[in-house]
Amino acid sequence: MLLLAKGQTLADQGDFVPAVSAFNQAIDLLIQDQKPNPLLRERIEQALRITKGRAIVARYKGSLSVSSVGKAQATIPPEPKDISVRQVFGSVLLRGQFEPRSLTKSGETFGFGRRVTISSRSGVDLNFPGKADFKLRAVDTGSFTLPKSGVIHAHSGAYLLRANEDDGKMSVEAPFAGVDISGDDPFAVMIGITTNGGLKMIGLLGEVELRRSGQDLQKLRPGQLVFVLPKGYSRKMYVELSTLIATADLLTVFEEPPSYYKRLKTEALVQALRTKRRFRTVVGDVKGRDSFEMKVLREDEKK
């Protein structure tokens, strides 16, 4: 595996922090793989343990090597307080540039450069710095990296992104597709990572603009769904917001609902009044450019 080789090379050069990050990323990919490889995972975990041990020894000596060519050693700087935790439950782990640790309570902070890993039946609600006052929720099994302000690398999982102020912009990168999300006014959008490495996006509030290099601008309004695929967009379709409100863990499993929850219910009511004939559906994963998984709910599932 390329990540294993990369991590070993970095460790041999004395760059222990990025080496640990590479090994952790390799393990995450193996966990998501439908065909487990226990021998490869054992090799990666062994390399991870050895590298962590070497990093601890270097840290106790007061410095870490920062290059493979004998550059000056430097002590690990304190972690900045770039991102704050609004809510958290279950097991949420931080890895990356700084000391690995878990998030356990509201009010905690951490710096850009972190990889956030969320276990099953867990979730985190974050507040980002900047004029747009972004909020990001993530639930259940998944992981994402926050390399810098205005950028999210989403590896797996489901997310709820909210810009509380005007002119918000965020770049979201999935494994095989990416898009710039923006809005002149405050907006909210639900995001999921599909099995083909693309993005499933549903507009919740406001008008969301989607931009990709070399492709036409796409606008996403409340109740509209589109798949961002490696080579383009799917056709747009509508989902029933009232059903989404009732079934989406991103909106229901946290102790405190989103501050815009009442507005979202109003938007769902407006959508229902405009629609004369409806089927209540849950849209699943993408199965191709124009093929999606969809389930029509029976009467006993609507409650």
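Q: Where in this predicted model does aspartate 184 lie?
A: The model is a predicted one. Aspartate 184 sits in the loop that joins strand 10 (178–183) to strand 11 (187–193).

Q: Why is aspartate 184 called exposed?
A: Its relative accessibility is 51%, and exposed means over 50%; aspartate 184 therefore counts as exposed. Aspartate 184 also belongs to a negative surface patch, together with Glu165, Asp166, Asp167 and Asp185.

Q: What makes the contact between aspartate 125 and arginine 86 a salt bridge?
A: The N to O distance between their side chains is 2.8 Å, and the criterion is within 4 Å; the pair therefore qualifies as a salt bridge. Aspartate 125 lies in strand 6 (residues 123–127) and arginine 86 in strand 1, so the pair ties together parts 39 residues apart in sequence.

Q: Why is aspartate 125 classed as buried or exposed?
A: Buried means under 20% relative accessible area. Aspartate 125 has 1% relative accessibility and so counts as buried, whereas arginine 86, at 39%, counts as partly exposed.

Q: How do you know that arginine 101 and glutamate 79 form a salt bridge?
A: Their side chains meet at 3.5 Å, N to O, and the limit is within 4 Å; the pair therefore satisfies the rule. Both residues belong to a network of salt bridges that also includes Glu108 and Arg114.

Q: How do you know that the length of helix 2 agrees with its number of residues?
A: Helix 2 (residues 16–32) has 17 residues, which at 1.5 Å a residue should span 24 Å. Its end C-alpha atoms are 25 Å apart, which agrees.

Note on methods
Residues are numbered from 1 along each chain as its sequence is written. This is a predicted model: local features need pLDDT of at least 70, side-chain atom pairs count only at pLDDT 80 or more; totals for chains, interfaces and linings use all residues. Side-chain values use heavy atoms; hydrogens and water are left out. Patches are made of residues with over 30% relative accessible area and no salt bridge: like charges are joined within 9 Å, nonpolar side chains (Val, Leu, Ile, Met, Phe, Trp, Tyr) within 5 Å. Accessible areas come from the Shrake-Rupley method with a 1.4 Å probe; for residues, only the protein chains shown count as cover. Lys and Arg count as positive and Asp and Glu as negative; His and the chain ends are not counted. The place of a charge is taken as NZ of Lys, CZ of Arg, CG of Asp or CD of Glu. Helices (H or I, at least four residues) and strands (E, at least two) are DSSP runs, numbered from the N terminus. Buried means under 20% relative accessible area, exposed over 50%, partly exposed in between (1.4 Å probe, protein chains only). The expected span of a helix is 1.5 Å times one less than its number of residues.
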